[in-house]
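Please open the model in your viewer and keep the selection tool at hand. The stops below go from one pair of side chains to a patch on the surface and then to the place where two chains meet.

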Amino acid sequence: MVISRLKAFYDFWYDFIVGDDWRVAIGVVAALAITWGISGSSFPAWWLVPAAVVLLLPYSLWRAIRTS
Amino acid sequence: MSSAALFIAVFLACAVEAVEATTIVLAAGTARDWRSALTGVAAGLVVLAVIVAGLGPALTAIPLQWLRLVVGGLLLVFGLQWLRKAILRASGHKALHDEDKIFATELSAAQTAQTRRVGAVSDWYSFTLSFKGVVLEGLEVAFIALTFGSNQKDIPLAAIAAVSAVVVVAAGGVAVRAPLARVPENSMKFVVGVMLTSFGTFWGAEGAGAHWPGSDAALLVLVPLYALFGIGLSVALRPRSGTKLAYSAEA
């Protein structure tokens, strides 16, 4: 009973935060981490997150269509 | 731009979720007991208000850079989810959200469930159905309103946008006494997805230490670029004539 409630709680928050495709969430975290990493250098870092969006969205759509 | 964008994003996000919650409440009230259904709505709104009241001051206490990093990341994940769903629907790979069909399903389930009185609530089924509808549909919107508001340092404007959307949708539901099936939910979802993705990109990268060329003006470039990119994907993913699609009708 307790385990099933904990599982339901976990499932709710997973669905709320991560949603349908965990790869998108991982990709966003990775893009922000790399931005953080290179923002201290003289190299511009602003373009990294938009580039991640341009790659992640079609990839996620392509996976969704392929598996439907 | 920022205040208008804040208002539009929160209003549309809230309106989309309010349309879905209205369908559930209408089913519970029509099939069973309006009093219990409306008590469920009131209880759900109280829970959301408590969450907002507790989370709002906590968010304003977080240093701005950390707030932008975490909130930007979450908004970006949410925005990409909304965009993904909207593009799959627009390109025909996923069934459009059909409020009439959802209403019929909820109505049929509500008509067969047993009546049980719990305390002052005469019909527990109607109460819990409405309560869950309001809390589950409202939680994401409450988060969007709070995070947009705290990042823009204008939580009152976000709250006004959210309340306006609920009032407009509820008034529409009361006026037609039927699911709001004509609301262009998918287009609204697409616009919200673009807004969340744009602001999530901007704040997330800024929170991670990046400096945008043109500062806030970068948003004026991000929003139309993401919108065009999304529209382009919707068109490109449309199946060629003669291709048969098998899609799901999930929310």
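Begin by selecting Lys7(A) and Asp11(A), bearing in mind that this is a predicted model. These two residues lie four apart in helix 1 of chain A, which means that about one helical turn separates them. Show their side chains, and you will find them joined in a salt bridge, with 2.9 Å from N to O. Over all chains, the structure holds six salt bridges, and a later stop on this tour visits another of them.

Stay with helix 1 of chain A and select Tyr14(A), which is found in that helix. Then add Tyr10(A), Trp22(A) and Ile26(A) to the selection, since together with Tyr14(A) these residues make a nonpolar surface patch of about 450 Å². Helix 1 and helix 2 of chain A each contribute at least two residues to this nonpolar patch.

Now bring chain B into view beside chain A. How many residues of each chain are in contact? On chain A there are 29, and they are in contact with 37 residues of chain B. The area buried between the two chains is about 2,800 Å², and carbon and sulfur atoms give 80% of that area. Select Phe16(A), Trp46(A) and Leu57(A) next, for these supply 22% of the area that chain A buries against chain B, more than any other three residues.

For the polar side of this interface, select Asp20(A) and Arg84(B), whose side chains meet in a salt bridge at 3.6 Å, N to O. The rule finds one salt bridge across the interface of chain A and chain B, while the count of residue pairs in polar contact between these chains is four.

Finally, colour chain A by helix: helix 1 (2–17), helix 2 (22–39) and helix 3 (48–67) each supply at least two residues of the side that touches chain B. Helix 3 of chain A gives the largest share of that side, with ten residues. If you recolour by class instead, the side of chain A that touches chain B shows 21 nonpolar, five polar and three charged residues.

Methods: Residues are numbered from 1 along each chain as its sequence is written. Chains are lettered from A and ligands numbered from 1 in the order in which they are written. This is a predicted model: local features need pLDDT of at least 70, side-chain atom pairs count only at pLDDT 80 or more; totals for chains, interfaces and linings use all residues. Side-chain values use heavy atoms; hydrogens and water are left out. Contact means heavy atoms within 4.5 Å. Buried area is the accessible area (1.4 Å probe) that two parts lose on being put together, summed over both. A salt bridge is a side-chain nitrogen of Lys or Arg within 4 Å of a carboxyl oxygen of Asp or Glu. A polar contact is a pair of N or O atoms within 3.5 Å; within protein, one must be able to donate a hydrogen and the other to accept it, and residues adjacent in sequence count only if both atoms are side-chain atoms. Ala, Val, Leu, Ile, Met, Phe, Trp, Tyr, Cys and Pro count as nonpolar, Asp, Glu, Lys and Arg as charged, and the others, Gly among them, as polar. Patches are made of residues with over 30% relative accessible area and no salt bridge: like charges are joined within 9 Å, nonpolar side chains (Val, Leu, Ile, Met, Phe, Trp, Tyr) within 5 Å. Accessible areas come from the Shrake-Rupley method with a 1.4 Å probe; for residues, only the protein chains shown count as cover.
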